[in-house]
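Colleague: I would like to learn how to read surface exposure, pockets and cavities from a set of coordinates. Could we go through them one at a time?

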Amino acid sequence: MSMIQNFLRVNLETLNSFLADSSALSDMVYSKEAIHLDNLIDIDKAWEGIFFLLTGESIGTYDQASPPLSWILVGPNDIDRNQDMGYGPATYTNIEQTRQISLALQDISMEELSQRFDAATMLEKDIYPDIWDDENALDYLLQYFEDLKAFYQMAYMQNEAVILFLN
């Protein structure tokens, strides 16, 4: 079974509705119509690799990374601590925190991330999904990084919060 990181852009009204009734979130993202949502993306299994390139940390030490980039993996706010979205509860960044992430990501180039890529270290630190010695691993991460960067830019431009969950 694989673990996939998901990101959902929402306006304040929708965020508040999910905070009031977290089952509405799971109903929405696990519905048949979810595939057509343009505000929902996943970055496949690239999530911990991207997080490691951005922060130098793994999922086991994500709390040692500095905000706002530490919020890329686990948002600082809970939707419902008791709700399991697949691999734990959904978290979120509010509109201001989302803006901070977007601005931080805009300052990071593909070249900079490429220079941080170290397959041996990533394998040693057991960074998921343990594919880092593959010749296409860096390209895999960079593609999803670009998607994530564009996603956060759109959230910032539309004054939205972001909900994160692993399933």
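**Exposure, pockets and cavities**

Modeller: Let us start with a single residue, Ala20, whose place is in helix 1 (residues 12-20), bearing in mind throughout that this is a predicted model.

Colleague: Does Ala20 count as buried or exposed, and why?

Modeller: Ala20 counts as exposed because its relative accessibility is 71%, and the cut-off for that class is over 50%. As for its surroundings, Ala20 and Ile79 are 59 residues apart in sequence, while their C-alpha atoms are 8.8 Å apart in space.

Colleague: Which residues form a nonpolar patch on the surface?

Modeller: The patch is formed by Leu103, Met154, Tyr156 and Met157, which together have about 350 Å² of accessible area. Helix 7 (residues 137-157) gives the most to this nonpolar patch, with three residues, whereas Leu103 lies in helix 4 (residues 95-106).

Colleague: Why is Leu103 described as partly exposed?

Modeller: Leu103 has a relative accessible area of 35%, and it is therefore placed in the class between the cut-offs of 20% and 50%.

Colleague: How should I think about empty space in a model, before we turn to the pocket?

Modeller: The general idea is that rolling a probe the size of a water molecule over the atoms shows where empty space is left. In this structure, the largest pocket has a volume of about 190 Å³, and its lining is made up of 13 residues, with Leu73, Val74, Tyr87, Pro89 and Leu166 lying nearest its centre.

Colleague: Which strand gives the most to the lining of the largest pocket, and how do the lining residues divide by class?

Modeller: Strand 5 (residues 161-166) gives the most, with three residues, and by class the lining of this pocket holds nine nonpolar residues, three polar ones and one charged one.

Colleague: How many cavities of 30 Å³ or more does the structure hold?

Modeller: The structure holds one cavity of that size, and the volume of the largest cavity is about 30 Å³. Its lining consists of Gln5, Phe7, Ile43, Trp47, Ile50, Phe51, Ile72, Leu73 and Leu148. Two elements, strand 1 (5-10) and helix 3 (47-55), each give two or more residues to that lining, and helix 3 gives the most, with three.

Colleague: What is the make-up of the cavity lining by class?

Modeller: The lining of the largest cavity has eight nonpolar residues, one polar residue and no charged residues. Leu73 is worth locating in the display, since it is named both among the residues nearest the centre of the largest pocket and in the lining of the largest cavity.

Technical notes:
Residues are numbered from 1 along each chain as its sequence is written. This is a predicted model: local features need pLDDT of at least 70, side-chain atom pairs count only at pLDDT 80 or more; totals for chains, interfaces and linings use all residues. Side-chain values use heavy atoms; hydrogens and water are left out. On a 1 Å grid over the protein atoms alone, a cavity is a set of points where a 1.4 Å probe fits but cannot get out, and a pocket is an open set with protein on both sides within 12 Å along at least five of seven lines; lining residues have an atom within 4 Å of a point. Grid points are joined across faces, edges and corners, and a volume is the space filled by probe spheres set on the points. Helices (H or I, at least four residues) and strands (E, at least two) are DSSP runs, numbered from the N terminus. Ala, Val, Leu, Ile, Met, Phe, Trp, Tyr, Cys and Pro count as nonpolar, Asp, Glu, Lys and Arg as charged, and the others, Gly among them, as polar. Patches are made of residues with over 30% relative accessible area and no salt bridge: like charges are joined within 9 Å, nonpolar side chains (Val, Leu, Ile, Met, Phe, Trp, Tyr) within 5 Å. Accessible areas come from the Shrake-Rupley method with a 1.4 Å probe; for residues, only the protein chains shown count as cover. A salt bridge is a side-chain nitrogen of Lys or Arg within 4 Å of a carboxyl oxygen of Asp or Glu. Buried means under 20% relative accessible area, exposed over 50%, partly exposed in between (1.4 Å probe, protein chains only).
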